[in-house]
Amino acid sequence: MSKRLEAKRLNEVMYEKVVERFWRSDESARGEPCGILLVRCPQSFEETTREIRTRLEAELERSVEAVTVANREAAFLLFGVAWSRTHYLALRVKQELMRLVPGEFAIMIADAGEHAERNPRAFEKMADLFAQLPEAPEIVIFQEHVQPGGTQSVLLVDGDEEMRRYLELRFRLKGYRVLAAENGPQGLDLFRKMKPDVVVTDLNLTGMDGFHLLTRLHREDPNASSKIVVFTDNRVEESINKCFELGVADYITRPFSPVELEERIEKLLQ
Amino acid sequence: MRELLLGYGSVAMYYVMAVTLIYFTILFFSYKGVYSMIKGAVYSRFQSLSGSESAPPVSLLVPAYNEELTIIENVKSLLTLNYHTYEVIVVNDGSKDNTLQVLIDAFRLVPKEDETIRYSIDCTPIRQVYHNPAYPNLYVVDKPNGGKADSLNAGINLSHYPLISSIDADSLLEKDALIRMARVYMENPAETVAIGGNVRIANGCTIRDGVVADVKLPKKIWPMFQTLEYMKAFLGGRIGWSHINGLIIVSGAFGMFRKSAVIDVGGYRDGYPGEDMNIIIKLHRHMLENKLPYRVAYCPDAVCWTQAPDTYRILSSQRKRWGRGNLKNMLENRDMLLRPKYKVFGLLTMPYNVIFETLNPYFKLTGLLALIGYVAMDMTQWRVLLTFALINFLNGFVMAVGSLVLEELAFRRYTRMRDLVKMTAFSALMFLGYYQLGVLWRLQGHIEFLRKNNSWGVMTRQSWNQEPSGGDAQAVAQSGKIA
């Protein structure tokens with residue numbers, strides 16, 4: 001199962017695996033814990049990882065997801081394995097490493113966190129820290145302080161593909177997880193499934209009229225736990241008024257300044 | 001006899017020359033109009049305009065009679081137009097099917113008790129107005145059957161906005177259609193009283209979520225002919241006529257009006273087909289008699305897609321009805337003919353319509369008889385005859401191709417090379433039968449008119465029934481009534 005992906009960094013492949021798992025699984029698996037075991041050994045890397053893997057699989061009595069990069073770093077993703085068990089497994093792996101490549105390795109344990117799929121930055125930090133580890137027979141524990149609302153999600157509903165792509169790119173660079181819908185029904189559907197932190201929607205949509213979408217969103221989420229930003233060409237006072245009556249948090253008209261849009265969204269999320 | 005025939009021959013020649021001249025002049029004006037339209041469109045940002053307060057709010061009036069199969073899709077599509085403030089008023093004209101109930105179910109409508117209706121125009125009293133706050137832009141009016149014109153009048157009475165737009169329940173508007181029309185209105189809001197839209201044939205096109213997604217030519221022959229006919233009439237004809245402010249009709253399928261002007265002329269006339277032409281004639285008359293500056297404009301880039309009748313039976317009945325309506329309108333307004341008081345409309349549009357539209361069948365018919373006479377009396381040479389036929393054909397063909405070129409210059413809806421070739425070929429094919437059928441249908445319409453002269457009351461309901469509408473299912477359902 002281990003793939004050799006030279007170009008990508010360790011955190012990227014790990015993140016991909018976790019997200020893949022998240023998307024594939026049904027609702028119940030969403031909050032499952034995920035222990036991560038990172039191992040680096042420059043000497044006889046392949047044999048060592050194979051040994052460790054066999055060891056882990058024997059312990060857990062099932063197959064284990066593993067990713068490797070640059071022929072020296074490996075990460076074992078232990079889905080469904082709680083923190084204490086991960087710690088125990090790490091001790092066993094350390095024993096194994098001491099036997100196979102004494103003194104020539106670094107080992108770290110971490111976990112993917114509750115909303116791992118929303119948080120690529122945690123993986124980045126994890127990989128950075130791991131890369132700096134000296135080779136020593138000590139298990140380093142990585143614990144990311146997931147700030148509440150660390151990575152937030154934005155749902156974009158806009159019929160104009162260019163606009164959607166542009167905003168998607170900008171929001172992504174800002175660190176948001178971006179969901180995009182090209183029409184009203186799709187937007188409503190994504191809203192129900194993903195419960196995004198912010199919805200940025202146009203009033204001029206296909207499939208459903210913008211005000212109706214707002215009414216439905218309001219009905220779904222009467223406490224306004226998701227902030228709704230209307231982002232539209234419609235500059236008529238009455239429409240603006242109607243939108244605020246429907247519980248909208250902000251109203252931004254086009255032509256627009258992307259910086260302003262981003263700032264206003266950031267403010268809403270504070 | 002010989003003298004008579006000779007005399008007829010020269011008259012006919014002048015007739016043909018005159019009509020050709022007018023056609024080409026109008027086509028020329030169409031080119032001029034399209035040229036300025038293209039230039040104007042480059043600088044118009046419709047997207048931004050659609051949200052601007054300067055675009056006036058519009059009430060869309062959708063008369064519906066037995067439309068239960070398609071009404072939901074159409075209303076959904078109408079509710080998502082790109083326009084800042086507008087309302088959709090569906091008028092259920094006492095349908096015999098479940099049109100009202102399907103609307104109530106689909107949009108969870110409830111009776112709106114606090115709605116007061118000002119009866120500024122006479123119409124059958126409204127039974128109930130339905131509304132749902134979750135669809136703030138939709139109103140459904142229920143009233144006893146009274147005909148299409150009556151439904152439109154009822155819609156006007158309920159409407160809340162200064163502009164009204166009539167739309168057939170079986171037609172789809174493009175998302176930008178309203179804002180494009182409003183742009184034309186905003187160019188001259190003081191004078192514009194009516195704006196016509198461009199009606200295109202949707203047969204053969206792929207429709208997804210109430211939007212025409214893929215434009216293709218119809219596969220069947222009758223819609224194909226009509227596609228070309230509409231293109232010629234709308235692009236080659238109406239743009240030109242609007243350029244000299246002589247437009248005589250704004251299609252009932254899609255047009256926009258200033259509400260106050262429509263109320264001033266007493267709304268739509270009931271009891272006879274051709275209410276769309278009638279309202280425009282009345283507007284011309286009213287404005288000219290009161291010496292008010294006005295404009296009846298045409299907006300070729302505001303597109304409405306409609307289903308064309310695809311069987312001979314329905315098509316012929318539609319055309320007979322048009323013939324009947326045209327004759328009725330011409331007879332009613334014959335006093336405007338050639339009166340300088342009515343300016344371009346009385347001096348050019350009316351005579352043109354009477355001579356080249358209404359009386360066209362009689363010229364064609366006498367022409368045919370004269371031809372038989374010439375041959376019988378041996379007054380003709382085949383070569384001369386052929387030359388005339390060829391000139392006539394070429395004239396018509398150049399006209400048709402002229403409209404096609406206009407289409408390709410300005411709109412380019414049909415992008416496939418195959419379609420272009422097909423359209424050109426069919427433009428030529430229309431001379432072999434289709435035009436002649438058109439003449440026949442018009443004549444039959446006139447005969448119907450004379451026969452049913454005193455029975456308009458009964459006709460009302462029937463004519464509304466005959467509306468060539470909807471998908472295939474409807475067409476089938478209707479064909480029974482038409483017979």
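**Notes on a predicted two-chain model**

1. A good place to start is a hairpin-like detail of pairing in chain B: strand β4 (residues 128–131) and strand β5 (residues 138–143) run antiparallel and are joined by 4 bridges. Within that pairing, Tyr130(B) has Val140(B) of β5(B) as its bridge partner. Please keep in mind throughout that this is a predicted model.

2. Now to the sheet that holds these two strands. In chain B, 10 strands make up an open sheet with mixed pairing, and their order is β3-β4-β5-β2-β1-β6-β11-β8-β12-β7. The edges are taken by β3 (110–111) and β7 (171–173) of chain B, each of which has a single partner strand, so one side of each is left without a neighbour in the sheet. As a reminder, strands of a sheet pair through backbone hydrogen bonds, in either a parallel or an antiparallel arrangement.

3. Strand β11(B) deserves a closer look. In the sheet order it stands between β6 and β8 of chain B. With β6 (residues 163–167) of chain B, β11(B) pairs in the antiparallel sense over 5 bridges, and here Ser166(B) is opposite Gly255(B). With β8 (residues 192–201) of chain B, the strands again run antiparallel, joined by 3 bridges; on this side Ala194(B) stands opposite Phe257(B).

4. Is β11(B) buried or exposed on its two faces? Both faces are covered: Phe254(B), Met256(B) and Arg258(B) are buried on one side, and Gly255(B) and Phe257(B) are buried on the other. You may want to look at Arg258(B) in the viewer, as this charged residue is among those buried. Taken as a whole, 5 of the 5 residues of β11 (residues 254–258) of chain B are buried, so the strand is largely enclosed by the rest of the structure.

5. Which helix lies across β8 and β12 of chain B? That is α7 (residues 221–243) of chain B, and the angle between this helix and β8(B) is about 155 degrees. The second strand under the helix, β12(B), covers residues 295–306, and in the sheet order β12(B) comes between β8 and β7 of chain B.

6. For chain B overall, the secondary structure amounts to 17 helices and 12 strands. Its radius of gyration is 23 Å, close to the 23 Å that the globule rule gives for 483 residues, so chain B is as compact as a globular protein of that length. The C-alpha trace spans about 80 × 55 × 50 Å along the principal axes. Of the 483 residues in chain B, 46% are buried. Among contacts in chain B with a separation of 6 or more, 81% are between residues 24 or more positions apart.

7. A word on the record for chain B. An unreviewed UniProt entry lists "transmembrane region" at residues 12–31, 361–377, 384–405 and 425–443. What does the model show for two of these spans? Residues 361–377 of chain B are 94% helix and 0% strand, with end C-alpha atoms 24 Å apart. Residues 425–443 of chain B are 79% helix and 0% strand, with end C-alpha atoms 27 Å apart.

8. Thr424(B) is one residue to inspect by eye. This threonine is found in helix α14 (residues 417–429) of chain B. With 15 C-beta neighbours inside 10 Å, Thr424(B) counts as partly exposed. Leaving aside residues up to four places away in sequence, Thr424(B) touches Val401(B) and Leu404(B). Val401(B) is 23 residues away along the chain, yet its C-alpha atom is 6.8 Å from that of Thr424(B).

9. Turning to chain A, the model has 9 helices and 10 strands. Of its 270 residues, 38% count as buried, and 69% of the contacts in chain A with a separation of 6 or more are between residues 24 or more positions apart. An unreviewed UniProt entry places "domain: Response regulatory" at residues 153–269 of chain A. That span is 48% helix and 21% strand, and its end C-alpha atoms lie 10 Å apart.

10. Finally, where do the chains meet? The contact takes 18 residues from chain A and 17 residues from chain B. On the side of chain A that touches chain B, α7 (210–220) and α8 (237–245) of chain A each supply at least two residues, and the largest share, 3 residues, comes from α7(A). By type, the residues on this side of chain A divide into 5 nonpolar, 8 polar and 5 charged.

Conventions:
Residues numbered from 1 in each chain as written. Chains lettered and ligands numbered in written order. Predicted model: local features only at pLDDT ≥ 70, side-chain atom pairs only at ≥ 80, totals over all residues. UniProt positions renumbered as here; feature names shortened; annotations may be inferred. Buried ≥ 20, exposed ≤ 12 C-beta atoms within 10 Å, placed from the backbone. Pairing = 2+ DSSP bridges. Contact = placed C-beta atoms within 7 Å. Axes fitted to C-alpha atoms, helices over the stretch in contact; angles between N-to-C directions. Rg over C-alpha atoms; globule rule 2.2 N^0.38 Å.
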